[in-house]
Amino acid sequence: MSRFVGAIDQGTTSSRFMVFDVGGRVVGSAKQEHRQIFPKPGWVEHDPVEIWETTKAVIVAGLADAGISAADLVTVGLTNQRETTVVWNRATGQPVTNAIVWQDTRTDQIVHDLAGEQGIDRFRAKTGLPLATYFSGPKVTWILDNVGGVEFLAKAGDLAFGTIDSWILWNLTGGPVTGRHVTDVTNASRTMLMDLDSLAWDSELAAAMRIPEAMLPEIIPSVGRVAMGTGPLAGVPISGVLGDQQAALFGQACFDVGEVKNTYGTGCFLLMNTGTQKVPSTSGLLTTVGYQIGDEPPVYALEGSIAIAGALVQWLRDNLQLFEHASEIEALAASVPDNGDIYIVPAFSGLFAPHWRSDARGVIAGLTRFATKAHLARASLEATAFQTREVIDAMRADSGVELTTLKVDGGMVVNDLLMQFQSDILDVPVVRPTVNETTALGAAYAAGLSEGFWDGLDSVAANWGEDRRWTPDMDGDKRAMLLTSWGKAVKRTLDWID
C-alpha cells in the first residue's frame, strides 16, 4: 500500500526531490545544483535540458534515500522557480535558447516601451503586477525578437512557452509524444499575461507583447490531477502544482485571511493570504493568486518580492571569496558587534518591492578604513532583514493588518543571527516551523489533497509545528537609527542605469 507523497522542487540554484509521510515529515530527499549562466551584465540564464536532467536524477536519488520505489508514492506535486521563461519546439522537445531567469534584466527596454506614457501600472488592474523585468511575458517578447527563426515557428504554432513548471510537466508526462502543456494559476499569474479575475489568458495583453496565443499553456488549478508520470515516475499521478512562494504559503498552512509567511532563499518573498478577494496594492506590492483547489474560487495573496537575499551570500562566497561555504557567514558576521555603519543594498537586478526601480544597482555605503570582511558579512545578512521590513511596512499600508508574528522558512532561517536581527528590526516575534522545507511540503500537500492522502486543509494545518521562536530585543531608538541609515543607502542605488 502506498504510504508517501513526493515533491519536486525545481529552484533557482538546484533541483530537489523530497518524500513525505502523512505527518508531513521528511523520509527521504536528494538535491543537485545546476549552473548559473551570466552571458552579460544583468543577464541570467539556465540550461532547460540540464534542469530536466537534474530533476530526473534527484527523483531517482530521493526515492533511493527514502528506501522506496515510485510504486510506494500515492502522488507527486511540483513546485518551481517562478517567472523563469522557457520556449521550446513541440516536435523535438528542444529549447530554442537558454531559459531567461526571473532575475534577468535584459528586457528593460521592452518594459520601458510597454509602459509608455501610461507608466509601470499600465496592466496592473488586470494582472496585479507592475511592468518590470521580473515577469515572463516581456522575456518571451525578447526571445521572439532576438532568436533567429523563432517568430515564424511561433506563429505557426510549433513553439511552446512555459515557466519551469510547464517545462518539467511537459517532459514528465511524455514530452513530444504525450506531454501535457499546462501551467497552474499561481505560475500563470506571474507571466503578466493572465487576467486575475477570469484566470484566463488575456488577448489584449498577449497582443501588446506580440506573443501568439498558440504558444501559451492551458491554465489549471493548483490542486488537481494533471496526468500520470512517465520515466522515473511512471504510473504515479502528478496532482499538484504551485509556484515556489505560493507553495511555501501552502506548506506553512497560511489558510486564513491575514496570515503571513516569508521565505528566505535566493530571493526573499513575503506573502499574505487575502482570501477570495484580491487586494489591489498602492504601496508597491503584487496582487497574485495564492492557490486554487479544484473548481473552488481562487485564494489571492499580496506579495512583496525581494530579488536578492541568499544570492548576496553566494556573491560574497563566489565572487569576493570571503569564505568557502555559505554556512560560514554567520560566525564571520557574529565576530563583530554591529555592522560598523556599513549598509549593503543588493540591487543586482534593480530594486523589486516596494520600489520597482529597474534603474537601481547595488551599493556598499558607509565604507571607512575601519571596515573588515566581518562587517561586510554582517551588513549582507542585515540587508535581507531591512528589505523585509520595507515589504512589511508596505503590506501594512495596503491591508490595514498589523503583523503580530512572522512565519519564516527557506535556507537562510537556520542562521540564528539573521533571524534575531529580523525580529529586532520588525519588533515582532519570528517563528520557524519544524519542517523548514515548506516549499516542497506545500507541493506535497497540494498533490496529497487532490488524491485524498490528506482529508482537507484542517488535517494539513494540524501537521504544522513550531521549532523555534525569536523575540525582539532592540531599543526603539537604535531600530529607528538603523532604518534611517538603510533608507539613505537605498536612495544611493537609484538612477544608476540611464
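Okay, so let's start with helix H13, residues 373-399, and helix H17, residues 476-491: in this predicted model, their axes come within 11 Å and cross at roughly 90°. That angle makes H13 roughly perpendicular to H17. If you want to click on the residues that touch, on the H13 side you've got Ala383, Phe386, Gln387, Arg389 and Glu390, and on the H17 side Arg479, Leu482, Leu483, Trp486 and Val490. Sort that contact by class and you get six nonpolar residues, one polar and three charged.

Now hang on to H13, and to Gln387 in particular, as we go to the second largest cavity. How big is the second largest cavity? Its volume is about 70 Å³. It has 13 lining residues, and Gln387 is among the closest to the centre, together with Ile306, Ala307, Leu351 and Phe352. H13 supplies at least two residues of that lining, and so does strand S18, which runs 299-306. As for character, the lining has eight nonpolar residues, four polar and one charged.

Staying with cavities for a moment: the structure holds four of them at 30 Å³ or more. The largest cavity has about 80 Å³ of space in it. Fourteen residues line the largest cavity, and the ones nearest its centre are Gly251, Leu441, Tyr445, Asn463 and Trp464. Which helix gives the most to this lining? That's H15, with three residues. The lining of the largest cavity splits into seven nonpolar and seven polar residues, with no charged ones.

On to the pockets. The largest pocket comes out at about 1,000 Å³. There are 42 residues lining it, and if you want to find the centre, look for Tyr264, Gly265, Thr266, Gly411 and Met412, which are the closest. Quite a list of elements each put at least two residues into that lining, including strands S1 (4-10), S2 (14-20) and S3 (26-33), and helices H10 (244-251) and H12 (329-334). H15, the helix from the largest cavity, is on that list too, at 438-450. But H11 gives the most, with four residues. By class, the lining of the largest pocket has ten nonpolar, 21 polar and eleven charged residues.

The second largest pocket has a volume of about 810 Å³. Of its 32 lining residues, Phe38, Val44, Trp315, Asn319 and Phe348 sit closest to the centre. And which element gives the most here? H11 again, this time with six residues. Strands S19 (343-345) and S20 (363-365) each chip in at least two as well. This lining divides into 14 nonpolar residues, twelve polar and six charged.

Last stop, another helix pair. Helix H1, residues 48-66, and helix H6, residues 164-172, have axes that come within 11 Å and cross at roughly 60°. That makes H1 oblique to H6. The crossing is right-handed. H1 makes the contact with Pro48, Val49, Ile51, Trp52, Thr55 and Ile59, while H6 brings Ile164, Trp167, Ile168, Asn171 and Leu172. In this contact, nine residues are nonpolar, two are polar and none are charged. Compare that with where we began, the H13 and H17 contact, which has three charged residues.

Methods. Residues are numbered from 1 along each chain as its sequence is written. This is a predicted model: local features need pLDDT of at least 70, side-chain atom pairs count only at pLDDT 80 or more; totals for chains, interfaces and linings use all residues. Side-chain values use heavy atoms; hydrogens and water are left out. Axes are lines fitted to C-alpha atoms, for helices over the stretch in contact, and angles run from 0 to 180 degrees between N-to-C directions. Angles under 35 degrees count as roughly parallel, over 145 as roughly antiparallel, 65 to 115 as roughly perpendicular and the rest as oblique. A crossing is left-handed if the near helix is turned anticlockwise from the far one by less than a right angle, and right-handed if clockwise. Contact means heavy atoms within 4.5 Å. Ala, Val, Leu, Ile, Met, Phe, Trp, Tyr, Cys and Pro count as nonpolar, Asp, Glu, Lys and Arg as charged, and the others, Gly among them, as polar. On a 1 Å grid over the protein atoms alone, a cavity is a set of points where a 1.4 Å probe fits but cannot get out, and a pocket is an open set with protein on both sides within 12 Å along at least five of seven lines; lining residues have an atom within 4 Å of a point. Grid points are joined across faces, edges and corners, and a volume is the space filled by probe spheres set on the points.
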